[in-house]
Amino acid sequence: QFYQVFQRHPELLKVFQDEAQMNSITQSVRQEIEQHKGELEQEENIENEQVWKVANWKTEWKNRKIAILWFILYIGANIACITVKAIKYANHEEAQAVFGDCICVARGAAQALNFNA
């Protein structure tokens with residue numbers, strides 16, 4: 001603001017006889033103006049970030065819902081793989097006689113690994 005006043009009324013600068021004083025005053029005024037501009041830019045950036053967060057929360061939530069759905073489908077497919085193989089080997093009497101229930105768990109885990117590979 002001071003800089004603008006000096007620009008409008010250059011006769012005010014004639015009050016200062018020393019040219020070095022005038023230069024230091026104008027430099028300090030310019031520094032204050034630049035500092036004020038920086039503060040305004042920071043405030044504007046903060047406001048823009050807040051607007052961005054408010055505008056995009058729906059999109060982010062939709063993406064999270066899709067990710068949760070895919071995760072549930074993935075877990076469900078693994079459980080289905082394990083269950084199908086476990087039932088298949090639970091009905092296999094020769095394998096049950098030799099290995100017991102361990103074969104059901106081992107084959108189910110192997111099927112889940114095949115699915116994930």
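Buried here means under 20% relative accessible area, exposed means over 50%, and partly exposed is anything in between (1.4 Å probe, protein chains only).

**Figure 1. The whole chain, four helices and zero strands.** This is a predicted model, where local features need pLDDT of at least 70, side-chain atom pairs count only at pLDDT 80 or more, and totals for chains, interfaces and linings use all residues. Residues are numbered from 1 along each chain as its sequence is written, and side-chain values use heavy atoms, with hydrogens and water left out. Of the 117 residues in the protein chain, 12% count as buried. Along the sequence the pattern reads α-α-α-α; helices (H or I, at least four residues) and strands (E, at least two) are DSSP runs, numbered from the N terminus.

**Figure 2. A nonpolar surface patch of about 690 Å².** Its makers are Ile-68, Phe-71, Ile-72, Tyr-74, Ile-75, Ile-79 and Phe-115. Helix H2 (residues 19-90) gives the most, with six residues, while Phe-115 sits in helix H4 (residues 102-116). Phe-115 is partly exposed, at 40% relative accessible area. Patch members need over 30% relative accessible area and no salt bridge; nonpolar side chains (Val, Leu, Ile, Met, Phe, Trp, Tyr) are joined within 5 Å, like charges within 9 Å. Areas come from the Shrake-Rupley method with a 1.4 Å probe, and for residues only the protein chains shown count as cover. A salt bridge is a side-chain nitrogen of Lys or Arg within 4 Å of a carboxyl oxygen of Asp or Glu.

**Figure 3. Helix H4 and its two faces.** Ile-103, Cys-104, Gly-108 and Ala-112 are the buried residues of H4. Looking down the axis of H4, they fall within an arc of 165 degrees, so they line one face of the helix; the arc is that of the directions from the helix axis to the C-beta atoms. The face turned away from the buried side carries exposed Cys-102, Leu-113 and Asn-114.

**Figure 4. Cysteines, with a count of zero disulfides.** A disulfide is a pair of cysteine sulfur atoms within 2.5 Å. Cys-102 is in none: the nearest cysteine sulfur, on Cys-104, is 8.8 Å away. Cys-102 is exposed, with a relative accessible area of 51%, whereas Cys-81 counts as buried at 14%.
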